[in-house]
Amino acid sequence: MTKFKKVFDFFKSLKIRLILLFLLIGIIPGILLRVGMLNSYGNRAVSIRTSEILSQAKILANQIVSNDYLKHSSSTHINAQLEQLSTIYDGRMMIIDDEFHIIKDTYRLDEGKTIISEEVIKSYNGEEITKYDSENRYIELTIPLVQPQLDSEEKKIIGVMLMSVSTDSINLNYEYLSVNAMVIELLCAFAVIFISVIAAVQIVKPFRKMSASIDMIQTGYGEDALAVNDYTETKVICEKFNSVLSRMKVLDDSRQEFVSNVSHELKTPLTSMKVLADSINSMEDAPVELYKEFMQDIGNEVDRETKIINDLLSLVKMDKAAMDLNVTNININELLEQILKRLKPIADKQKVELVLESFRPVSADVDEVKITLAITNLIENAIKYNKEEGWVHVTLNADHQYFYLKVEDSGIGIPEEALEHIYERFYRVDKSHSREIGGTGLGLAITRNAILMHRGAIKVFSTEGEGTIFNVRIPLKYIS
Ligand SMILES: Nc1ncnc2c1ncn2[C@@H]1O[C@H](COP(=O)(O)OP(=O)(O)OP(=O)(O)O)[C@@H](O)[C@H]1O
Ligand SMILES: [Mg+2]
C-alpha cells in the first residue's frame, strides 16, 4: 500500500510530469516518423521495381512471340536476352507453352516439366499477374505471350512468361536505413531526455524558490514578504500569501497588545491596594476611622479587580464557544424593565433621567444572560458618560423579523476619531476621565460579541458634547 502511495506521489511531482510530457512530445513523433517512412520506402521500392521489370519483360515477351521462340527455342538471340534479364534482376525466367510445358528455364532445373499454377492459368486467360511475397522476398510476374492474328482482330495466347525476382537488394537497403534511423532516434532520445530534465528543473525552480522563502520566513531569517515574480501564477500566490501573512501579523500584534493590556489592568488595583496597605501600616496610632476608610478603598479595588476578571472571562467564553448559546424565548419588554430597575439607583445618583418606551410587546429567541450583559452595558455607558440633569431614552420596537433597541443619551458624546475603536478591548476614549468613572473598556467588546453571536448588528451615532445613540438589531428567531 505504502509502495503504491510512493509511486503515486512520485508521479504527482510537477517536475516528473513535465519530464514525462516532454519525453512523450519528443520521442513518440520520432518513432512514428521512422516506422512510417521505412514502410512507405519499402512499398515504393517494391512497386518501382515491379513496374520496371514488367516493362522489360513485356518487351521481351513481344520479341519471343515475333521470333516464334516457342517453336524454335534454340534462338540464341532470345536466350541471350533471357539470361541477361535474369542476371540483371537476380531472378529466374521460365517460358511456358500452351500445353503448360516449361520450354525454357534460366535455372535449367525444370525444363520439360509441366507447371500448372493459379497465376499461370490466369495468364493463359489474358491477365498480367504481379505478386510480392514479402516473407520469401521475391516478386513474381506472369505475362501472357500474345500472338496477333493476321486475318482477324482477335489475339491468340500461345504461352506464358513467368519471372521471379529476388528483392534482397531492396531489403538490404531497408535494413540499412532502419539501423541508421534507429541510431539517429536513440541519439535524439538521449538529447530529449537531457533537455527535458533541464527544462523541467528550470520550470519548477520558482516554486522551489517560493517554498525556500516560506521556510526562511517561518524560521524568521527571511524577508517579511514573499516575492517570486518569475510567473504570473507565482506572483499571484505570493500576493495572497503576503496578505494572509500581514493579517496574521495584525492578529498577533493585537493579541500581544491584549495580553499587555490585561496584565496592566489586573496590576492597577493590586498596586493601589499595596499602596493603601503600606501607607496605613507605616502610620503609628492611626485612628480607627482612617483604617475604615482605607479598608473601604481596598474593598473597592477588590471589586474592581473582580469585575475585570469577570468581564475577561465572559469575553473569553464568547470567543471560544460561539456555538453554545443558551437560546430561550424571552419577553424583551420584561427583560428591559428588569435591567432598568437594576440601573435606576446609579442613574439617580448621577441625576440622570431614565426612560423606557416600548412600541409593542416583543418576545425573541435569545441567550438571556448574554443579551442582558450587552444591553446593561449600553445603558450603563449612557448613564456613566452623561451630564448632570441629563437623560437616557431606551426605545424598543420590532417588525416581523427583528427587534430594534435604541439607547440614546444626552451625554458627553464620542469624538469621531474614537468611534472606530470603541469596540476594542480595553479601549477608553478619555483614560483619566474613564478611570474616575470606573470602567475597564471591556463593556462594548462584550456587547458587540454578544450581539454578533445572535446574528444581530450594532451601530453608533455620536456628536461630541451633545450625546450618543446606539442602535441594535437582533433577529426574533435564532438562526443557528
Ligand atoms: N454612551 C456613551 N457616551 C460617551 N462615550 C461612550 C459611551 N459609550 C461608550 N463610550 C466610550 O467608549 C469607551 C468604551 O466603552 P466600554 O463600555 O467598552 O468601556 P467602559 O464603559 O469604559 O468600561 P466597562 O464597560 O468595561 O466597565 C468608554 O470608555 C467611553 O469612553
Ligand atoms: Mg461600559
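This is a short talk on one predicted protein model, its domains, its two ligands and a few residues worth a look.

Hi everyone, and thanks for having me. Please keep in mind throughout that we are looking at a predicted model.

Let me start with the overall layout. The domain assignment splits the protein into domain 1, covering 11-173, domain 2, covering 224-318, and domain 3, covering 321-475. If you take the centres over C-alpha atoms, domain 1 and domain 3 sit 109 Å apart.

Now let's go to the ligands, beginning with ligand 1. Which residues are closest to ligand 1? There are 23 residues around it, and the closest are Asn-381, Tyr-385, Asp-409, Gly-443 and Leu-444. For those of you who like to think in polar contacts, here are three. The side chain of Tyr-385 has an N or O atom 2.7 Å from an oxygen atom of ligand 1. Lys-384 also takes part, with an N or O atom of its side chain 3.3 Å from an oxygen atom of the ligand. Thr-468 meets a nitrogen atom of ligand 1 instead, through a polar side-chain atom at 3.4 Å. How much of the ligand's accessible area does the protein cover? On its own, ligand 1 has 600 Å² of accessible area, and the protein covers 98% of that.

Next comes ligand 2, the magnesium ion. Its protein donors are the OD1 atoms of Asn-377 and Asn-381, and they lie 2.1 to 2.4 Å from the ion. You may remember Asn-381 from a moment ago, as one of the residues closest to ligand 1. Both asparagines are buried. Why can two residues from one helix serve this ion together? Here is the general point: an α-helix has 3.6 residues a turn, so residues three or four places apart point the same way. In our case, Asn-377 and Asn-381 are four residues apart in helix 9, which spans residues 368-384, so about one helical turn separates them.

Staying with this part of the protein, let's look at helix 12, residues 443-453. Is this helix mostly covered or mostly open? Mostly covered: nine of its eleven residues are buried. Among the buried ones are Gly-443 and Leu-444, which we just met beside ligand 1. Ala-445, Ile-446 and Thr-447 are buried as well, and so are Asn-449, Ala-450, Ile-451 and Met-453. After the helix comes Arg-455, which has a positive phi, near 60°.

Let's move over to Asp-105, which belongs to strand 2, residues 102-105. Is Asp-105 buried or exposed? With a relative accessible area of 0%, Asp-105 is under the 20% cut-off and therefore counts as buried. What does its side chain meet? One partner is the side chain of Arg-92, in a polar contact of 2.8 Å. Another is the backbone nitrogen of Leu-109, 3.2 Å from a polar atom of the Asp-105 side chain. Leaving out residues up to four places away in sequence, Asp-105 touches Arg-92, Met-93, Met-94, Asp-110 and Glu-111.

Further along is Arg-108, in the loop between strand 2 and helix 4, which covers 118-124. Its phi is near 55°, a positive value in a residue other than glycine. At 52% relative accessibility, Arg-108 is over the 50% cut-off, so it counts as exposed.

Now for another aspartate, Asp-230. It lies in the loop between helix 5 (168-219) and helix 6 (232-282). Its relative accessible area is 43%, so Asp-230 is partly exposed. The side chains of Asp-230 and Lys-209 are joined by a polar contact of 3.3 Å. Setting aside residues up to four places away in sequence, Asp-230 touches Pro-206 and Lys-209. Its C-alpha atom is also 9.3 Å from that of Lys-205, a residue 25 places away along the chain.

Two more loop residues, and then I'm done. Asp-285 lies in the loop between helix 6 and helix 7 (288-320). Asp-285 has a positive phi, near 50°, and is not a glycine. It is exposed, with a relative accessible area of 78%. Glu-154 is found between strand 4 (138-148) and strand 5 (155-166), again in a loop. At 63% relative accessibility, Glu-154 is exposed too. Apart from residues up to four places away in sequence, Glu-154 touches Pro-148 and Gln-149.

That's my tour, so thanks for listening!

Methods: Residues are numbered from 1 along each chain as its sequence is written. Chains are lettered from A and ligands numbered from 1 in the order in which they are written. This is a predicted model: local features need pLDDT of at least 70, side-chain atom pairs count only at pLDDT 80 or more; totals for chains, interfaces and linings use all residues. Side-chain values use heavy atoms; hydrogens and water are left out. Domain bounds come from an automatic or database domain assignment. Helices (H or I, at least four residues) and strands (E, at least two) are DSSP runs, numbered from the N terminus. Buried means under 20% relative accessible area, exposed over 50%, partly exposed in between (1.4 Å probe, protein chains only). A polar contact is a pair of N or O atoms within 3.5 Å; within protein, one must be able to donate a hydrogen and the other to accept it, and residues adjacent in sequence count only if both atoms are side-chain atoms. Contact means heavy atoms within 4.5 Å. A residue is near a molecule or strand if one of its heavy atoms lies within 4 Å of it. Accessible areas come from the Shrake-Rupley method with a 1.4 Å probe; for residues, only the protein chains shown count as cover. Donors are N, O and S atoms within 2.8 Å of the metal (3.2 Å for Na, K and Ca); water is not among the atoms, so sites may look incomplete.
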